[in-house]
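Good morning, and thank you for joining. I would like to take you through the overall fold and then two positions within it.

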Amino acid sequence: MQHEGMALTMDNKTMDCKQCLEKCKAVCCGVVPISKEFYKNNKPCREVEEVVDIGDSVLLLTKNLTCPYLGDDFACTIYESRPDVCKKFGDETHKMLVCPYQDKDGRVRPRSERRRIERDVTKTTNNICNTKTPYRDWE
C-alpha cells in the first residue's frame with residue numbers, strides 16, 4: 001500500500017480522494033485517536049472544542065467532527081507527518097476507515113450506501129466519545 005498525494009494505492013487499485021473532495025469536503029477525515037505527544041507537537045488549524053482523553057491517545061473534537069488538521073481547502077496540513085491511523089483511511093480494514101463516497105477500488109458509492117456508512121461512523125464516534133474507549137483495532 002502506498003500513499004501519494006491524496007491517492008491511496010493498494011494492489012494496483014486506486015482510491016483517489018481528489019475525485020470526490022468537492023462533494024465530500026473530506027468528511028472521512030474525522031475523529032481519530034492520536035497520541036498525546038503528536039497533539040502536543042502539532043497545533044491544529046481548526047478549533048478543537050473538546051479533547052477526549054482515551055489513555056495514551058486523545059480524540060480532538062471539532063464542531064462538525066472533522067479533522068482539526070484539515071485546511072480551508074480540505075487538504076491535510078500535516079500530510080507528511082500525519083499519524084499512522086490517517087494513512088490507513090480508505091483501506092476499509094475497520095468501519096471507521098471506510099470512505100463514504102468511494103470504495104477502496106475507486107468506485108463512487110450510491111447515496112444509500114453513503115448514508116449507511118455515515119450513520120455507522122457517527123454511531124461509532126459517539127460510542128468512543130461517550131465511553132472514552134478507543135478502538136485499538138483500527139490504529
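**A buried arginine and a partly exposed lysine**

R114 is buried (under 20% relative accessible area, with a 1.4 Å probe and protein chains only), yet it has no salt bridge, that is, no side-chain nitrogen of Lys or Arg within 4 Å of a carboxyl oxygen of Asp or Glu. The nearest side chain of opposite charge is that of E118, 4.3 Å away; here Lys and Arg count as positive, Asp and Glu as negative, and His and the chain ends are not counted.

This is a predicted model, in which local features need pLDDT of at least 70, side-chain atom pairs count only at pLDDT 80 or more, and totals for chains, interfaces and linings use all residues. Residues are numbered from 1 along each chain as its sequence is written, and side-chain values use heavy atoms, leaving out hydrogens and water.

R114 belongs to helix α4, residues 111-131; helices are DSSP runs of H or I of at least four residues, strands runs of E of at least two, numbered from the N terminus. Setting aside neighbours within four places in sequence, R114 is in contact (heavy atoms within 4.5 Å) with P100, Y101 and R109.

The protein has 4 helices and 6 strands, in the order β-β-β-α-β-α-β-β-α-α. Of its 139 residues, 42% are buried.

Turning to the lysine, K95 sits in the loop between α3 (84-87) and α4. Not counting residues up to four places away in sequence, K95 touches V121 and T124. The C-alpha atoms of K95 and V121 are 7.0 Å apart.

Terms used: Buried < 20%, exposed > 50% of the residue type's maximum accessible area, 1.4 Å probe, protein only.
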